[in-house]
Amino acid sequence: MDMISLGAAGVAAALCALVVRQRAPEIAVVLAIVACALLLWHTVPVLETIRDVLTELAHLAEISPTVLRPMLQTVGLALVTKLAASLCRDAGEGSVASFVEMAGSAAAVLVALPLLKMVLQLMMGLL
């Protein structure tokens, strides 16, 4: 599915959720979750292609996979966190959305710690 189709499907789902929200807000949230899941399902091949290209570039530049993996994991965490927080806000749960964002940030820092350790070791080796 190309970006135009994904965008059109997203707009159609948003309009459907808007119409349904007037009569049954809880069903509108479920509709939004299902739409997001379907759109994500069709976006996964694009994300896999990006990962493959980044892996190939890292190989060409002789960058270790231990450096690339935390970067890709952090990007994935950011995407999932953004989606989950948006769905929580759609459901009217702003405080839960804020907590999801905080938890996502903490998880991203945890995943990035090995990179920080490598940078510090490199700096100590230069001194």
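The following exchange goes through the helix packing and the largest pocket of a predicted model.

Me: How do α1 and α2 pack, at what angle and how far apart are their axes?
Reply: The angle between α1 and α2 is about 170°, and their axes lie 7 Å apart. That makes α1 roughly antiparallel to α2, because angles over 145 degrees count as such.

Me: Which residues of α1 and α2 meet?
Reply: On the α1 side they are Leu6, Ala9, Gly10, Ala13, Cys16, Ala17, Val20, Arg21 and Arg23. Their partners in α2 are Pro25, Ile27, Ala28, Leu31, Ala35, Leu39, His42 and Thr43. By class, the contact of α1 with α2 has 12 nonpolar, three polar and two charged residues.

Me: Moving on, how far apart are the axes of α2 and α3?
Reply: The axes of helix α2 (residues 25-60) and helix α3 (residues 65-90) are 12 Å apart, and the two helices pack at an angle of about 165°. They are therefore roughly antiparallel to each other.

Me: Is the crossing of α2 and α3 left-handed or right-handed?
Reply: The crossing of α2 and α3 is right-handed.

Me: And which residues of α3 meet α2 there?
Reply: Leu68, Leu72, Leu79, Leu83, Leu87 and Asp90 in α3 do so. The α2 residues they meet include Val29, Ile33, Leu40, Leu47 and Arg51. In this contact of α2 with α3, 13 residues are nonpolar, one is polar and two are charged.

Me: What about α3 and α4, at what angle do they cross?
Reply: The axes of α3 and helix α4 (residues 94-126) cross at roughly 175° and come within 8 Å. The two helices are therefore roughly antiparallel to each other. Among the residues in contact are Val67, Met71, Leu77 and Cys88 of α3, along with Val96, Gly104, Val111 and Met118 of α4. The contact of α3 with α4 is made up of 16 nonpolar, six polar and two charged residues.

Me: Changing topic, how much space lies in the largest pocket?
Reply: The largest pocket holds about 920 Å³ of space.

Me: How many residues line the largest pocket, and which lie nearest its centre?
Reply: The lining has 29 residues, and those nearest the centre are Leu40, Thr43, Leu47, Leu79 and Leu83. Of these, Leu40, Leu47, Leu79 and Leu83 also belong to the contact between α2 and α3, while Thr43 belongs to the contact of α1 with α2.

Me: Which helix supplies the largest share of that lining?
Reply: The largest share comes from α2, with 12 residues. Helices α1, α2 and α3 each supply at least two.

Me: And by class, what does the lining of the largest pocket have?
Reply: It has 19 nonpolar, five polar and five charged residues.

Notes
Residues are numbered from 1 along each chain as its sequence is written. This is a predicted model: local features need pLDDT of at least 70, side-chain atom pairs count only at pLDDT 80 or more; totals for chains, interfaces and linings use all residues. Side-chain values use heavy atoms; hydrogens and water are left out. Axes are lines fitted to C-alpha atoms, for helices over the stretch in contact, and angles run from 0 to 180 degrees between N-to-C directions. Helices (H or I, at least four residues) and strands (E, at least two) are DSSP runs, numbered from the N terminus. Angles under 35 degrees count as roughly parallel, over 145 as roughly antiparallel, 65 to 115 as roughly perpendicular and the rest as oblique. A crossing is left-handed if the near helix is turned anticlockwise from the far one by less than a right angle, and right-handed if clockwise. Contact means heavy atoms within 4.5 Å. Ala, Val, Leu, Ile, Met, Phe, Trp, Tyr, Cys and Pro count as nonpolar, Asp, Glu, Lys and Arg as charged, and the others, Gly among them, as polar. On a 1 Å grid over the protein atoms alone, a cavity is a set of points where a 1.4 Å probe fits but cannot get out, and a pocket is an open set with protein on both sides within 12 Å along at least five of seven lines; lining residues have an atom within 4 Å of a point. Grid points are joined across faces, edges and corners, and a volume is the space filled by probe spheres set on the points.
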